[in-house]
Amino acid sequence: MKKPSQPVGRPREFVEEDVLDAVMKLFWKQGYEGTGLKDILTATGLTKGSIYKAFESKHNLYLKSLERYEKIYVDSAVTSLKSTDDPISRLDEFLSAPIKNMSVNAPNKGCFLCNSSADRASSDEETRALVQRSFRKLSAALSSAIYEIRPEWPEKRIQQTAQMMLSVYSGLRIMSRSREDIDIMKDAKDGALALIK
């Protein structure tokens, strides 16, 4: 009688999503260079061997964290922008997110996507590809909402307006990190929305 095969190696003693959530918060707040292995081990409670066996490298862990951010935050924003609510309200909510984050005194870590764009995208091709993919998703969702408001506009103008709004959003996220005056940020948001009303 054939003996049952034995499992190869020890099974993982952690949930990958939980590890990525913890590490994502580190990279989001401290950046790639500012996050060391000791920080990662402390945040996850894992050993160096477990981290490298599961994720191979700090760089790969960063990329997976960015993908995790895309799945949780970017895809959620896209879903909201494509909902059945009033399109102006959807755009207003999207652009207001950085301002609301400041008004509740949340940690001023900005947007992981925007931070990664400034922190790693210019020097790392894989990071750049992930950042661009997320920005394309947001731009397409913004274009859809704008089209609902201004269906008479040519496609080029809709795309340009979507890119402008995405730029305003990114700028507001960066401004929120420096605790810029909320009224100034609201003026920027209202100015962007006024262009399509």
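1. What should the 15 residues of H1 span at 1.5 Å a residue, and how far apart are its end C-alpha atoms? The expected span, taken as 1.5 Å times one less than the number of residues, is 21 Å, and the end C-alpha atoms are 21 Å apart, which agrees. Helices here are DSSP runs (H or I, at least four residues), numbered from the N terminus.

2. This is a predicted model, in which local features need pLDDT of at least 70 and side-chain atom pairs count only at pLDDT 80 or more, while totals for chains, interfaces and linings use all residues. Residues are numbered from 1 along each chain as its sequence is written, and side-chain values use heavy atoms, with hydrogens and water left out.

3. On H1, the buried residues (under 20% relative accessible area, 1.4 Å probe, protein chains only) are Val19, Leu20, Ala22, Val23, Met24, Leu26, Phe27 and Trp28. Their cover includes helix H2 (37-44), H3, H4 and H6, and after H1 comes glycine 31, with a positive phi near 80°.

4. The largest nonpolar core (buried Ala, Val, Leu, Ile, Met, Phe, Trp, Tyr and Cys residues joined through side-chain atoms within 4.5 Å) has 55 residues, of which Leu91, Phe94 and Leu138 touch the most other members. Helices that each supply at least two residues of this core include H1 (16-30), H5 (87-103) and H7 (125-149).

5. Beyond its neighbours within four places in sequence, leucine 91 has contacts (heavy atoms within 4.5 Å) with Leu81, Leu142, Ala145, Ile146, Ile149, Met165, Leu193 and Ile196.

Terms used
Buried < 20%, exposed > 50% of the residue type's maximum accessible area, 1.4 Å probe, protein only.
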